[in-house]
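Opening a fresh notebook page for this one. I want to go through the empty spaces, then the interface, then the strands.

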Amino acid sequence: MIELQGVNKTYQVGDSPLRALRDVDLLVGEGEYLSVMGPSGSGKSTLLNMIGLLDRPDSGSYLLDEVHTETLPEEQRAQFRGEQIGFIFQSFHLVSRLTALENVELPMMLAGVSLRERRIAAHEVLAQVGLEAWSGHHPNQLSGGQLQRVAIARAIVMKPRILLADEPTGNLDQASGQEIISVLENLNAEGITLMMVTHDLNLGQRARRQIRMVDGQIEADSRTETDARADHATV
Amino acid sequence: MQLSDQIRFNGQIFLRHRVRTGLLLMAVGLGVASVILLTSLGEGARRYVYQEFSALGNQLLIVFPGRKETTGGTPPVYGTAPRDLTLEDAMAMSRIPSVKAVAPIIAGTAAIAVDNISRESIVLGSTPEIFQVRQLEVSQGKILPDRTRSEAMAVCVLGAKLKRELFGHGRAIGEWIRAGDRRMRVVGVLVERGESLGMDLSDMIIVPVRTAEQMFNSPGLFRILIELAGNADLPRTESRIKAIIRERHEGDEDITLVSQDAMLASFDNILATLTLAIAAIAAISLLVAGILIMNLSLISVSQRKREIGLLKAIGASSAQVRQLFLGESLMLVSLGSVAGVIFAWAVVLIIGRLWPVFPIFPPWWSVPAAVGTALLAGLVFSLMPARRAAALDPVLALSGQGGGQGG
Ligand SMILES: Nc1ncnc2c1ncn2[C@@H]1O[C@H](COP(=O)(O)OP(=O)(O)O)[C@@H](O)[C@H]1O
Ligand SMILES: [Mg+2]
């Protein structure tokens, strides 16, 4: 469902160009569980943002369900983000003036879902991440692990098919990190495609497929390109 | 995104930033209130003038010597030097059936003296009719005697203030005064009365018209005041007056007629224009409020960068982000406007209570104009911040950077 071909992204840093992604090819099938590892600055976040339609490639193509996303107008890319993709960030990005429940509701509110409908859906996903009892709390009343679980609930409330997590445990202690990983793995077990950037080798190695990035290139992929293509063809 | 959701979302922002919101509400509220209050004062002045005119109760027509050209107040053209308007002209006019009273006026100034007190005053030479036409009454003594319609007599009626200056609290009736080089007897003192149609009569002295003619050595009238009968047809009376003048002035219609209605209409025009002008000045305060909204919105956009990035990441389009920020300003302006309108009405009611003679009242257009201007200013001045928010790159915004100035 995700197909990157020859994707390049160059940032201008000062007066020297910085190639954050170099000719990246990547195929990800429905329901896969990938971890992306590599040194800091190697382009992991850029890759994730590209797949999450937050960024556009300078050259190359990105097909999502066989749709050329790089030429889509911004409105449609926003709609894709809302409906197909869930984002989880290292720093949670919850809106501090809103309760946990209201934070979870946000994507549905933007999509124009009625209050009653989204209340039901938000309570459901909060229960799923084990935070039903905390729905009325504001972010400053929650622990790091709880904040990230609220963020996960928000990411899945629209029932997206792809979940992108950029170092979701980076700000958490060991135990909370483990909890978050198991929540994410459960979601993957239910069918969601999970792609997670991590620094933690132990966590990264739990993924069925592991990608290692260096200098904007995919240096290693635990599954060979041909395997992936075959996998993609069967889906 | 539904409207009710947007209102709730903005409401939560307002609650979170109470000081900022309070400040903006106050700025908008004061702007709206000042437009309404100042236009109410203008409208009050207009109504006050109406009130004054209608207090006179009668229909007045004023005849001026000389023709006023249609192009404006230019002097008469060469060769048609105006004839004087004479007492005989005035008498001829008094024979028109729809005319109730005619008061010819000769005006000049003279030193009015009693013993060694002397005052330079305006002298009005007229007939007893002036008291009826201008609705003047005497508080002491009598008005000019009937004989003064056709004869010079050494009598006069003093304005209340002039009487005080010459006689203090002493008795004036029956006393002799000097007006210029003439001696005359005081027969009456006018009642105390404020200005009437812009002329302060309490400073003046009224003498018989023939006496004034001799004093100022001129048969020409300053003007003629005509009071019309209750059922008079104004245009027909005007044309009869003109016909009389043409007949008496060898075919020249060298007078200017101004009716009370026309005077009222021109006052009305002046005051309406003035009201509009002060409304425009008051609207500047709304402009100031708009600029305040713009600056605080720009700060808010840079403070809420991460939130904007997040909204985009979870599915908000640029148009939606722009709409959120515009909606926030419009909601704020609406709330501020409501507060301003309520405040202005309260002040108008209070002024009306404290000062009942002055009919302060907002003109019908002032509330829509004030609120409309506020909304427009709010919209225009939040376009730029909203656009800046919409244009933020989500990746940079999420990391709290990018999108121009600030951070
Ligand atoms: N918006 C940007 N402008 C300039 N440079 C950027 C931008 N985003 C990322 N980079 C640079 O691109 C490189 C890759 O960044 P990133 O994908 O965030 O790396 P990683 O997530 O692997 O640490 C880094 O050198 C980073 O400094
Ligand atoms: Mg990164």
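**Cavities**

I looked up which elements surround the second largest cavity: α3 (100–110) and α4 (115–128) of chain A, together with α1 (3–16) of chain B, each supply at least two residues of its lining. Worth jotting down before going on: this is a predicted model.

The volume of that second largest cavity comes to about 100 Å³. From chain A, I noted L98(A), E102(A), E105(A), L106(A), M109(A), R118(A) and R119(A) among the lining residues. Chain B puts in D5(B), R8(B), F9(B) and Q12(B). Sorted by class, I get six charged, four nonpolar and one polar residue in this lining. Searching the whole structure, I end up with six cavities of 30 Å³ or more.

**Pockets**

Next I pulled up the largest pocket, with a volume of about 830 Å³. Which elements give two or more residues to its lining? I found β2 (16–28) and α1 (44–51) of chain A, plus α12 (394–398) of chain B. Of the elements, α1(A) gives the most, with five residues. The full lining has 33 residues, and those nearest the centre are S45(A), T46(A), N49(A), D166(A) and V395(B). My class tally for the lining of the largest pocket reads 14 polar, 10 nonpolar and nine charged.

Then the second largest pocket, which holds about 270 Å³ of space. I see 13 lining residues there, with L94(A), V95(A), S96(A), R97(A) and E307(B) closest to the centre. Helix α9 (residues 305–313) of chain B has the largest share of this lining, at four residues. By class, the lining of the second largest pocket splits into six charged, four polar and three nonpolar residues.

**Interface**

How many residues of chain A are in contact with chain B? I get 26 of chain A against 26 of chain B. The two chains bury about 2,300 Å² between them, and 60% of that comes from carbon and sulfur atoms. On the chain A side, I picked out H93(A), R97(A) and L110(A), which supply 32% of the area chain A buries against chain B, more than any other three residues. I had already met R97(A) in the second largest pocket, among the residues closest to its centre.

**Strands in chain A**

I traced an open sheet of four strands here, with order β2-β1-β4-β5 and antiparallel pairing. Why do β2(A) and β5(A) each have one side without a neighbour in the sheet? They stand at the edges, each with a single partner strand, so one side of each is left free of a neighbour in the sheet. For β5(A), I checked the pairing with β4 (residues 59–64) of chain A and found two bridges, antiparallel. One bridge partner pair I noted is L64(A) with V67(A).

**Chain B**

I have chain B divided into domain 1 (3–53 + 271–398) and domain 2 (83–253). Their C-alpha centres lie 57 Å apart.

On to strands β2 (residues 99–114) and β3 (residues 117–126) of chain B, which pair antiparallel over nine bridges. I112(B) has R119(B) as its bridge partner. I also logged that β2(B) and β3(B) form a hairpin with two residues between them, and that D115(B) in the turn has a positive phi of about 50°.

β3(B) also pairs with β8 (residues 205–208) of chain B, in the parallel sense, over four bridges. There, L124(B) has I206(B) as its bridge partner.

Conventions: Residues numbered from 1 in each chain as written. Chains lettered and ligands numbered in written order. Predicted model: local features only at pLDDT ≥ 70, side-chain atom pairs only at ≥ 80, totals over all residues. Heavy atoms only, no water. 1 Å grid on protein atoms, 1.4 Å probe; cavity = no way out; pocket = protein on both sides within 12 Å on 5 of 7 lines; lining within 4 Å. Points joined across faces, edges and corners; volume = space filled by probe spheres on them. Nonpolar A, V, L, I, M, F, W, Y, C, P; charged D, E, K, R; others polar. Pairing = 2+ DSSP bridges. Domains from an automatic or database assignment. Contact = heavy atoms within 4.5 Å. Buried area = accessible area lost by both parts, 1.4 Å probe.
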